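Colleague: Could you walk me through the salt bridges here, and how they sit relative to the sheet and helices? I'd like one connected answer.

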Amino acid sequence: MDLRIQAIHFDIADRLSDFINKKAERLARRFPAITDFEATLRVVKPETAMNKEALIKIVSPQHDDVVATKTADTFEEAVDLAIEAAERQLEKYKEKR
């Protein structure tokens, strides 16, 4: 699985990068057909509460790309919510097969 993490207009901390890697690996174990995992993180302007956005894109040759975007107070929470939404989409594809 190819894993890419992109932080737009800020430097990503190692702890956040490790957190995303761990979540992506767990998802890849559950859905082995995943070939690419992209996480794009950005701070939404203006800087108020709920301004951290995570966009998760998952590519699998068996079905369409899965994309989920969530906004939260922290990047960890936004990534968690986006991955949960992506998992639900992957489950739907799995049930259709």
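Modeller: Here is the layout, followed by the charged pairs.

Bear in mind that this is a predicted model, where local features need pLDDT of at least 70, side-chain atom pairs count only at pLDDT 80 or more, and totals for chains, interfaces and linings use all residues. Residues are numbered from 1 along each chain as its sequence is written, and side-chain values use heavy atoms, with hydrogens and water left out.

The scaffold is an open, mixed sheet of four strands, ordered β1-β2-β3-β4. Helices (H or I, at least four residues) and strands (E, at least two) are DSSP runs numbered from the N terminus, and two strands pair if DSSP finds at least two bridges between them. The edges are β1 (2–8) and β4 (63–72), each pairing on one side only. β1 and β2 (36–43) run parallel, joined by seven bridges; in one of these pairings, isoleucine 5 is matched with alanine 39 in β2.

Now the helices. Helix α1 (14–30) lies across β1, β2 and β3 (52–60), at about 145° to β2. Helix α2 (75–96) packs on the sheet too, touching β2, β3 and β4, and its direction makes about 150° with that of β4. Contact means heavy atoms within 4.5 Å; axes are lines fitted to C-alpha atoms, for helices over the stretch in contact, with angles from 0 to 180 degrees between N-to-C directions.

On to the charges: the structure holds nine salt bridges, each being a side-chain nitrogen of Lys or Arg within 4 Å of a carboxyl oxygen of Asp or Glu. One of them joins arginine 4 and glutamate 38, with 2.6 Å between the closest N and O atoms. Arginine 4 belongs to β1 and glutamate 38 to β2, 34 residues apart. For accessibility, buried means under 20% relative accessible area, exposed over 50%, and partly exposed in between (1.4 Å probe, protein chains only). Glutamate 38 is partly exposed because its value is 22%, and arginine 4 is partly exposed at 35%.

Between the helices, arginine 26 and glutamate 87 meet at 3.7 Å, N to O. Arginine 26 is in α1 and glutamate 87 in α2, so this bridge ties together parts 61 residues apart in sequence. Arginine 26 is partly exposed at 35%, whereas glutamate 87 is buried at 10%. Arginine 30 and glutamate 91 form another salt bridge, at 2.7 Å from N to O, again linking α1 with α2 across 61 residues. Here glutamate 91 is partly exposed at 23%, and so is arginine 30 at 42%. Put together, Arg26, Arg30, Glu87 and Glu91 are linked in a salt-bridge network.
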